[in-house]
Amino acid sequence: MSKKQVHFIVQSKGGVGKSFLTYLLALKNQFKEDAAFFDLDSSTQTSVNQLKFLKDKNRVYKISLLDDRKKIIRDRLFTSIKKIVEFAEFQTYFLDFGAPESEQLPALFSIDFKANALKKFENQINATFIFHIVVAGNTAYMASMEYLKSMIQTLEGHFPIITHANENSFYGFQEILEEAKNYCLKNQVEFRCFGDIDTQSHIGNQILNLIQQGAGIENYDILEQLKIEEEFAKL
């Protein structure tokens, strides 16, 4: 039996474009019936709302890591992953973590359990874990990069990490974009860009509206589709 893929989409700094990345990944996988998305964000319902085009197909689910006192139970993540991988009939799982949940991961994988224990868990459930970490420019740069560095250190090279730089947030900050790219290269972490969409343009504004509506690709006109396909190619 082939291994299932579990993608962790994370960043403890809010407002970096993580929900936009999740939407793009969902849109790219819209017609892949074996791919499902799981919203672990306790603070917002962004993924559930933006992925309406998959919710109707029963491919979007909500997972809570909170206890009755609304506190995050870190190790509940393991039982949740085990349950969905063993009982859900999908091959690819995308887990969209909110900022509060993302913030807990370095502690979960270094204090509660070590990275090598997570690797054993991955093998036990016959899965491959891939971490997608979003970074942004401007005022979000330092905090988002610190989280990236923390996760690289915590995971100890046991798992693939893909850094996704939100291009729109780096406009006017090309030097720090290159700095982030060079850091990833030095640490053997894959570096990709996304989000090169000018929301002030007509096409960009239309795409933004479609995202907010949770629209599928069939609702995009030809020019909007061409722009989105450029984004697909970078993912």
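## Strands 6 and 7

In this predicted model, strand 6, formed by residues 161-166, runs alongside strand 7, formed by residues 190-194, and the two pair in the parallel sense over five bridges. Within this pairing, Ile162 stands opposite Glu190 of strand 7. The two strands are also joined with helix 8, residues 174-186, in a β-α-β unit that is right-handed.

## The sheet as a whole

Strands 6 and 7 belong to an open sheet of seven strands, whose order is 3-2-4-1-5-6-7 and whose pairing is parallel. At its edges lie strand 3, residues 60-62, and strand 7, each of which pairs on one side only. From one strand to the next, the twist averages 25°. As a general matter, strands of a sheet pair through backbone hydrogen bonds, in either a parallel or an antiparallel manner.

Elsewhere in the sheet order, strand 1, residues 4-10, pairs with strand 4, residues 92-96, in the parallel sense and over five bridges. One pair of partners here is His7 and Phe94, the latter lying in strand 4. Helix 8 packs on the sheet, where it touches strand 6 and strand 7, and the direction of helix 8 makes about 150° with that of strand 7.

## Helix 9 and its two sides

Helix 9 comprises 12 residues, 202-213, and at 1.5 Å a residue it should span 16 Å, a value with which the 17 Å between its end C-alpha atoms agrees. Gly204, Ile207, Leu210 and Ile211 are buried in this helix. Because these four buried residues cover an arc of only 120° around the axis, they lie on the same side of helix 9.

On the face turned away from that buried side, helix 9 carries the exposed residues His202, Gln212 and Gln213. The buried residues of helix 9, in turn, pack against three helices, namely helix 1 (18-28), helix 2 (46-50) and helix 10 (222-234).

## Helix 1, an enclosed helix

How many of the 11 residues of helix 1 are buried? Nine of them are, and helix 1 is therefore largely enclosed by the rest of the structure. The cut-off matters for this step, since a residue is called buried when its relative accessible area is under 20%. The buried residues of helix 1 are Lys18, Phe20, Leu21, Thr22, Tyr23, Leu24, Leu25, Ala26 and Leu27. Helix 1 is also one of the helices against which the buried residues of helix 9 pack.

Notes
Residues numbered from 1 in each chain as written. Predicted model: local features only at pLDDT ≥ 70, side-chain atom pairs only at ≥ 80, totals over all residues. Heavy atoms only, no water. Pairing = 2+ DSSP bridges. Right-handed = clockwise from strand over helix to strand, strands pointing away. Axes fitted to C-alpha atoms, helices over the stretch in contact; angles between N-to-C directions. Contact = heavy atoms within 4.5 Å. Expected span 1.5 Å × (residues − 1). Buried < 20%, exposed > 50% of the residue type's maximum accessible area, 1.4 Å probe, protein only. Arc of directions from axis to C-beta.
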